[in-house]
Amino acid sequence: MIFRSNIQQKRETSNHLNMSETNEKMDKEDKRRYFYIGSVFLEVVTPLFQQKLEEHYKSLNFRSLKDFLDKEAVIHILFHLRHRNAWCCTDKANCTNQGSLPLNHHQWKQLFAENPGPGIHNCFCKYTAKSINLVDLDVSLCGLILYNCCNLEQLDQDAVHILRRNKNDYLSHNTTCGITKDEYGPLMDELKTNILQLDQTKEDELIRIQKRPLDDALCNRYVTDLLDNHEMLERKKIYDMTKVIQFFGKCKSSTLRVSEIEEQPIETIKLGQPIFALHHTIDLTSEIGDDFSRVVPAAVMMG
């Protein structure tokens, strides 16, 4: 019985190791597929969207992106993609009330500045386009302007919509840095079809991307570039709080266990009597960095 149990235990250990190796290999392959899809969006789709937008506004004799965004029809459309239940003082016939707001706060602030003065009401006339460069527009924002503000042919407009949708579905909220095998094939085929709809010369670039080896450092940078702003904020909060927890983990000697707290005598507190006393302060700058002041207003520990 002992002999059989040892054999069984060895088999279970071997199976566990094999499963771990398989999972690790699957994770690596998922990351490689993510790297390919992310590379397509950042190295092909983004500059392609920027090129299409530039071609469009230059064909209308606008000298710059700022001039195009300041066009009444353009700023009016984008205003209602950010603001709900707002009715403008001019061009009222084209005011809309969106069920969802595809233009987020950060994107709106990136494009427009509020004019000086109090303003009578919330209207697009309160805003002026900023001097922004095309290269500063990410794939989501550039695609949104292309889709909503440019008179594209129907097939091109559909292609822009599909590419934006896939970026949102597979990359904007993907914090695991992985694309499964079942997702990858149909997704890459759809990306290729719609990219070539917009520019037939991009096929060689797509082939080159799919032949490259996984670059972990570049992949990690692409994760940052492809996540939506709120996802990045959440990642930063987790990172910052992790650093704080690690720091306070070094201060175990200054903490009390629950049982020790219960054993402390209960003192009577009089009304108006201060209940906190500052025993010492610790400068956390060396541990959490100067920028943590945005999360914790005063980096001081009270004891």
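**A working chat about a predicted model**

Modeller: This is a predicted model, and the protein averages a pLDDT of 78, with 65% of the residues scoring at least 70.

Colleague: Where does pLDDT stay under 50?

Modeller: One such stretch is residues 14–23, for which the model has 0 contacts beyond four places in sequence. Another is residues 251–264, where pLDDT also stays under 50 and the model has 2 contacts beyond four places in sequence. Where pLDDT is low, the predicted coordinates should not be read in detail.

Colleague: Now the overall layout. How many helices and strands are there in the protein?

Modeller: The protein has 12 helices and 2 strands. Along the sequence, their pattern reads α-α-α-α-β-β-α-α-α-α-α-α-α-α.

Colleague: And what share of the residues is buried?

Modeller: Of the 303 residues in the protein, 33% are buried. As for contacts with a separation of 6 or more, 70% of them are between residues 24 or more positions apart.

Colleague: Which residues of α3 are buried?

Modeller: In α3, the buried residues are Val74, Ile75, His76, Leu78, Phe79, His80 and Leu81. The buried residues of α3 pack against the helices α2 (65–69), α4 and α5, and against the strands β1 (112–114) and β2 (127–129).

Colleague: How many residues of α5 are buried?

Modeller: Helix α5 covers residues 139–149, and 9 of its 11 residues are buried. Among them are Val139, Ser140, Leu141 and Cys142.

Colleague: What caps the N-terminal end of α5?

Modeller: Aspartate 138 does, with a side-chain oxygen 3.2 Å from the backbone nitrogen of serine 140.

Colleague: Changing topic, how much space lies in the largest pocket?

Modeller: The largest pocket holds about 690 Å³ of space. It is lined by 30 residues, and the closest to its centre are Gln107, Asp138, Ser140, Lys167 and Asp228. Asp138 is thus both the cap of α5 and one of the residues closest to the pocket centre.

Colleague: Which helix gives the most to that lining?

Modeller: Helix α6 gives the most to the lining of the largest pocket, with 6 residues. The helices that each supply at least two residues are α1 (2–59), α4, α5, α6 (154–170), α9 (216–226) and α10 (229–249).

Colleague: How do the lining residues divide into nonpolar, polar and charged?

Modeller: The lining of the largest pocket has 9 nonpolar, 12 polar and 9 charged residues.

Colleague: Back to single residues. Where is histidine 83?

Modeller: Histidine 83 lies in the loop between α3 (72–82) and α4 (105–111). Histidine 83 counts as buried because its relative accessible area is 14%, under the 20% cut-off.

Colleague: Which residues does histidine 83 touch, not counting those up to four places away in sequence?

Modeller: With those set aside, histidine 83 touches Leu101, Trp108, Asn122 and Tyr127.

Colleague: Asparagine 85 is in that loop too. Is asparagine 85 buried or exposed?

Modeller: Asparagine 85 is exposed, because its relative accessibility is 57% and the cut-off is over 50%. The phi of asparagine 85 is near 55 degrees, a positive value in a residue other than glycine.

Colleague: What is the phi of cysteine 177?

Modeller: The phi of cysteine 177 is near 60 degrees, which is again a positive value in a residue other than glycine. Cysteine 177 is found in the loop between α6 and α7 (181–198). With a relative accessible area of 12%, cysteine 177 is buried.

Colleague: What about aspartate 156, where is it found?

Modeller: Aspartate 156 is in helix α6. Its relative accessible area is 15%, so aspartate 156 is classed as buried.

Colleague: And which residues does aspartate 156 touch?

Modeller: Aspartate 156 touches Gln197 and Leu198, leaving out residues up to four places away in sequence. The side chains of aspartate 156 and glutamine 197 are joined by a polar contact of 2.8 Å. The C-alpha atoms of aspartate 156 and asparagine 194 are separated by 8.1 Å, although these residues are 38 apart along the chain.

Colleague: One last residue: what separates the C-alpha atoms of glycine 185 and arginine 33?

Modeller: They are separated by 9.6 Å, with their positions 152 residues apart along the chain. Glycine 185 is in helix α7 and is partly exposed, with a relative accessible area of 29%.

How values were computed:
Residues are numbered from 1 along each chain as its sequence is written. This is a predicted model: local features need pLDDT of at least 70, side-chain atom pairs count only at pLDDT 80 or more; totals for chains, interfaces and linings use all residues. Side-chain values use heavy atoms; hydrogens and water are left out. Helices (H or I, at least four residues) and strands (E, at least two) are DSSP runs, numbered from the N terminus. Buried means under 20% relative accessible area, exposed over 50%, partly exposed in between (1.4 Å probe, protein chains only). Contact means heavy atoms within 4.5 Å. A polar contact is a pair of N or O atoms within 3.5 Å; within protein, one must be able to donate a hydrogen and the other to accept it, and residues adjacent in sequence count only if both atoms are side-chain atoms. On a 1 Å grid over the protein atoms alone, a cavity is a set of points where a 1.4 Å probe fits but cannot get out, and a pocket is an open set with protein on both sides within 12 Å along at least five of seven lines; lining residues have an atom within 4 Å of a point. Grid points are joined across faces, edges and corners, and a volume is the space filled by probe spheres set on the points. Ala, Val, Leu, Ile, Met, Phe, Trp, Tyr, Cys and Pro count as nonpolar, Asp, Glu, Lys and Arg as charged, and the others, Gly among them, as polar. pLDDT is the predictor's confidence in each residue, from 0 to 100.
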